[in-house]
Amino acid sequence: PRVTADQLLEGLNEPQREAVVHEGAPLLVVAGAGSGKTRVLTRRIAWLISERKAHPGSILAITFTNKAAAEMRARVEDLVGGRAKIMWVSTFHSACVRILRKEVERFGYKSGFSIYDAADQKRLMALVCKDLELDPKRYPPNAVLHWVSNHKNDLVDHESAAARADNDLERTYAEAYSLYQQRLKSANAMDFDDLIMTTVHLLQAFPDVRETYRRRFRHVLVDEYQDTNHAQYALVRELCAEDPSAYDAGSDPDAVGPAELMVVGDADQSIYAFRGANIRNILDFEEDFPQSRTILLEQNYRSTQNILSAANAVISRNQGRKPKNLWSDQGRGEPIVGYVADDEHDEARFVAKEIDTLTDAKAARPGDVAVFYRTNAQSRVFEEVFIRTGMPYKVVGGVRFYERKEVRDAIAYLRMLANTDDEISLRRVVNEPKRGIGDRAIACVEAMARRDGTTFFEALQHAEDAPGIATRSVTCIAGFVAMVEELQSMVDAGERADVVLEATLARSGYLAALEESEDPQDETRLDNLAELVAVAREFADEPVPPPSDDPADLTPARPGVPEFLERVSLVADSDQIPDQDDESLGVVTLMTLHTAKGLEFPVVFLTGLEDGVFPHQRSLGDRTELEEERRLAYVGLTRAEQRLYVSRALVRSAWGAPAHNPASRFLDELPDEVMDWRRTAAEQSSWNRSVMPQLPTRRFGSASAKADAEARGQKREVPSLSPGDRVTHDSFGMGTVVAVEGAADKAVASIDFGSDGVKRLLLRYAPVEKL
Ligand code: ATP
Ligand code: MG
């Protein structure tokens, strides 16, 4: 063995050790932030492999993000070596995809099913609502989707939803749910919620499948258990045998015993209720698993006592929680610095200046610093200042790379090559770039597909039979079909993802169309596609884990197109968090509070602490939602190791109009004795509003060249929009332009954001991007 038992237990306190070596009954580790829950879970995996001789393939560990999974895997490999490669460390979604690829044919899906993301879901639901002739005012597609998603998270399929519906509204929603599922299935596609629900249903419907996985996974470990939803909870139960503690080994000698289950979490950090997370899963663990054992951790190793006192003071205002006694032996440390800014620009300048001072004094490197805010739209002001001062930074989330039009087009090409049943993807690219297949031709082909009960692609393959279709369109379609079939043969042969992607972009004429274009935006598009090819190349070059001797091993073999698509479908905001290696200075990380979960930084800025911003406007009148916001504040405060800053702006522009927001109630909840107010509201005076603090321009080698490039690329231009254009907005998501008034800096667009309604936005300020 690479490590001894003593080494595996080194640097752990007594209750942490107990959790690592615990055997048998289900185990719950509940503890406040920074008390070593994730560390314990990681060590336990190493312990299982090294000391208890568990086969690495018999371990299933669930983390909240792909990035956390990669880190956990790397850490275990450091401890016990490369054989740990074959354990499953992944998110719930990735684990379910792996099971489904292997088993889902039993439910009539093909193994190469597509995974629809939020944008695909919206397109599909919009089609469904149109088919049902639903009034979009009464039944906004987004609202219907939300309803469907909630039902899936509660494991309610469309038949049961229909049976339960007891008023017109619900009956209509259920009808949309049912049609939506039909269309997903005929496209051989699943949405994110389906991945979990279908896996649970599969395990419930087929005892032999359930038995296979129960035999395989002898150890199930779940991090961030407080944010599991009902479907995920049910999945854990299915995998571990319904009630592991009631298992009686005597009765059936052939039956497999229950897997050992360990879950770790903190009810005070439950922040995903809006996505269906159910805090009761952690609160009720002891009732759900009656023989279980609970271990509490109380020492925090992350933060100074001042930071902990602040966090404890805030969270203690929530009702009905179990009081915790979290302490640190690191001493009080620095006071928490507070700052009241004139406006959001002043706040950003304060943050930039402070980071500058810290890095000058060698008290921190840019990579030690994180700036948190409540919503993605708030990042822009910080970016402007960081670009101006040459501070290297990275924004995590926002309008993501994979949501850009050209990237979505390229992915849609790959998707329909891997799965021609995927009608949403196929329709997206059939005339992109323009190749003479107009709406009329598509309608003719579609009508024929419906009449004959074939897929859209099958109908395209003999378009000449479609009644009413023009000869010219038939020729264009034949060319398209020939191209698809040719590229498909590459996919079927298992060709590398980057090779297929490049061939597709060239053969489809997509690249040529961008290269010929005069639109300067198209140049950026070419860069983005080059970046996507690079991503695919990196993916295809990744070493493939060695085939294991375990017959139940499901590790996919080749990094071809389907595997690449899977990786792309499952990326999340948190996966873009920059790796900060110890050699370099690193970059400042900007992200929302939700994305910050589980992370830690020496220096943290918690910004926008204003009632209406954080806590969010929506939560102000509702105690439950306000408590969720308070948990989010607790998560934010407890990310800090050494230094913590809290700030707010007296005036913040919202949709082009200045809003005067009162101080966040969370600020009032911070104890006076830990605070050092650099500037209070009383000291604020308007004459200095326009005085820009003198900031030296800094240079951080290549990172600053990047920041400069970003400065050029991201210089904000007012997007030119016309009615019908699709856009995304940082907070409202996808929308359609209904009308535009005025021009240039004065342009105002009315944009329909589905369930969020129609908004009038001054484009100069609104965080919208044309798709
Ligand atoms: P969160 O609730 O935010 O997810 P957590 O409970 O998972 O936090 P960890 O991230 O595991 O906490 O640990 C917090 C920090 O404390 C890490 O840097 C970890 O390495 C360190 N740590 C944990 N336990 C110990 C210990 N016994 N001795 C020294 N350092 C420790
Ligand atoms: Mg953790």
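Axes are lines fitted to C-alpha atoms, for helices over the stretch in contact, and the angles between their N-to-C directions run from 0 to 180 degrees. The model is predicted, so that local features need pLDDT of at least 70 and side-chain atom pairs count only at pLDDT 80 or more, while totals for chains, interfaces and linings use all residues. Residues are numbered from 1 along each chain as its sequence is written, and chains are lettered from A and ligands numbered from 1 in the order in which they are written.

**Exercise 1.** Describe how H5 and H10 pack, and which residues meet.

*Solution.* Helices here are DSSP runs of H or I with at least four residues, and strands are runs of E with at least two, numbered from the N terminus. Helix H10 covers residues 192-205, and its axis lies 9 Å from that of H5 at an angle of about 55 degrees. That makes H5 oblique to H10, given that angles under 35 degrees count as roughly parallel, over 145 as roughly antiparallel, 65 to 115 as roughly perpendicular and the rest as oblique. Residues in contact have C-beta atoms, placed from the backbone, within 7 Å; on the H5 side these include Phe-92, Cys-96 and Leu-100, and on the H10 side they include Phe-192, Leu-195 and Leu-202. By class, this contact has nine nonpolar, three polar and one charged residues, where Ala, Val, Leu, Ile, Met, Phe, Trp, Tyr, Cys and Pro count as nonpolar, Asp, Glu, Lys and Arg as charged, and the others, Gly among them, as polar.

**Exercise 2.** Work out how H22 and H23 are oriented, and which residues make their contact.

*Solution.* The axes of H22 (residues 471-492) and H23 (residues 497-507) come within 10 Å and cross at roughly 170 degrees, which makes H22 roughly antiparallel to H23. Met-483, Leu-487, Met-490 and Val-491 of H22 make the contact with Val-500, Ala-503, Thr-504 and Arg-507 of H23. Sorted by class, the residues of this contact are six nonpolar, one polar and one charged.

**Exercise 3.** Place Gly-112 in the fold, and decide whether Gly-112 is buried, partly exposed or exposed.

*Solution.* Gly-112 sits in the loop between helix H5 (92-103) and strand S4 (114-116). Gly-112 is partly exposed because 18 other C-beta atoms lie within 10 Å, whereas 20 or more would make a residue buried and 12 or fewer exposed, with C-beta atoms placed from the backbone. Leaving aside residues up to four places away in sequence, Gly-112 touches Ala-418, Asn-419 and Pro-562.

Terms used
Two residues are in contact if their C-beta atoms, placed from the backbone, lie within 7 Å.
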